[in-house]
Amino acid sequence: MFAKLVAVSLLTLASGQLLAAECKVTVDSTDQMSFNTKEITIDKSCKTFTVELTHSGALPKNVMGHNLVVTKTADMAGVATDGMSAGLDKNYLKEGDARVIAHTKIIGAGETDSLTIDVSKLTDAGGYSFFCSFPGHNSMMKGAIVLK
């Protein structure tokens, strides 16, 4: 009986760890203006979802910096365009832009940053995207956010 109880407890613990792991993802960025994924899948059972951004390149943020910005897909181009004049110190995002759901700071080689999304706020049927707002990067550094 004790062995069965221990087995059930371990299975429950393992299941909980697996569920927690599904509510976080790491996305890497490079000096070649790319993310290592074109899609982030978020399980609707997650209350919050965290994206950790890493930069595996060798260049500093003022030369080849990257961030990860989450918006509605329809807002992506406007947010990127409006952010160009904001500058590096403001992560190339217009201050107070309500279209930005979440974002990391601009990072350079060897740096990391993360963002956390309240999954309950992702309700738009038109979909969501992520991209880098460093000027000119969003043409290549973008992807879809899929809710499952």
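S29 is buried in this predicted model, with a relative accessibility of 0%. This serine belongs to strand β1, which spans residues 24–29. A polar atom of the S29 side chain sits 2.8 Å from the backbone oxygen of T54. Setting aside neighbours within four places in sequence, the residues in contact with S29 are S34, F35, L53, T54, H55, S56, G57, H66 and M141. T54 is therefore one of the residues in contact with S29, a serine that counts as buried at 0% relative accessibility.

**The sheet around S29**

Let us step back from S29 to the strands around it. β1 is part of an open sheet of three strands, ordered β1-β3-β6, with mixed pairing. β1 and β6 are the edge strands, and each of them pairs on one side only. From one strand to the next, the twist averages 20 degrees.

How do β1 and β3 run relative to each other, parallel or antiparallel? They run parallel, and six bridges join them. Within this pairing, V27 has L53 as its bridge partner in β3. On the other side, β3 and strand β6 (residues 112–118) run antiparallel and are joined by seven bridges. Here V51 has L115 as its bridge partner in β6, while T54 is matched with T112 in β6. T54 thus turns up in two places: its backbone oxygen lies 2.8 Å from a polar atom of the S29 side chain, and its bridge partner in β6 is T112.

Strand β3 covers residues 48–55 and is mostly covered, since six of its eight residues are buried.

**The five-stranded sheet**

A second group of strands forms an open sheet of five, in the order β2-β8-β7-β4-β5, again with mixed pairing. Its edge strands are β2 (39–42) and β5 (100–103), each pairing on one side only. The twist in this sheet averages 25 degrees from one strand to the next. Helix α3, residues 76–83, packs on the sheet and touches β4 (69–72), β5, β7 (128–131) and β8; the direction of α3 makes about 30 degrees with that of β7.

At one edge, β2 pairs with strand β8 (residues 142–147) in the parallel sense, over four bridges. One of the matched pairs is T41 with V146, the latter in β8.

The pairings described so far can be set side by side:

| Strands | Sense | Bridges | A bridge pair |
|---|---|---|---|
| β1 and β3 | parallel | six | V27 and L53 |
| β3 and β6 | antiparallel | seven | V51 and L115 |
| β2 and β8 | parallel | four | T41 and V146 |

**The covered side of α3**

Which residues of α3 are buried? They are M76, V79, A80 and G83. These residues span an arc of only 95 degrees around the axis, so they lie on the same side of α3. Their cover includes β4, β5, β7 and β8, the strands that α3 touches where it packs on the sheet.

**Two residues with positive phi**

The loop between α3 and β5 deserves a look at the backbone. Most residues other than glycine have a negative phi. N91, which is found in this loop, has a positive phi near 60 degrees. Y92 is found in the loop between α3 and β5 too, and its phi is also positive, near 50 degrees.

Are these two residues buried or exposed? N91 has a relative accessible area of 15%, and Y92 is at 13%; because the cut-off for buried is under 20%, both count as buried.

**The chain as a whole**

With those details in place, here is the wider view. The chain holds three helices and eight strands. Following the sequence, they come in the pattern α-β-β-β-α-β-α-β-β-β-β. Of the 148 residues in the chain, 39% are buried. The chain exposes about 8100 Å², with carbon and sulfur atoms supplying 58% of that area.

How much of the contact in the chain links residues 24 or more positions apart? Among contacts with a separation of 6 or more, such residues account for 73%. The pairing of T41 with V146 in β8 is one example of a bridge in this chain, and the pairing of V27 with L53 in β3 is another.

Notes
Residues are numbered from 1 along each chain as its sequence is written. This is a predicted model: local features need pLDDT of at least 70, side-chain atom pairs count only at pLDDT 80 or more; totals for chains, interfaces and linings use all residues. Side-chain values use heavy atoms; hydrogens and water are left out. Two strands pair if DSSP finds at least two bridges between them. Axes are lines fitted to C-alpha atoms, for helices over the stretch in contact, and angles run from 0 to 180 degrees between N-to-C directions. Contact means heavy atoms within 4.5 Å. Buried means under 20% relative accessible area, exposed over 50%, partly exposed in between (1.4 Å probe, protein chains only). The arc is that of the directions from the helix axis to the C-beta atoms. Accessible areas come from the Shrake-Rupley method with a 1.4 Å probe; for residues, only the protein chains shown count as cover. A polar contact is a pair of N or O atoms within 3.5 Å; within protein, one must be able to donate a hydrogen and the other to accept it, and residues adjacent in sequence count only if both atoms are side-chain atoms.
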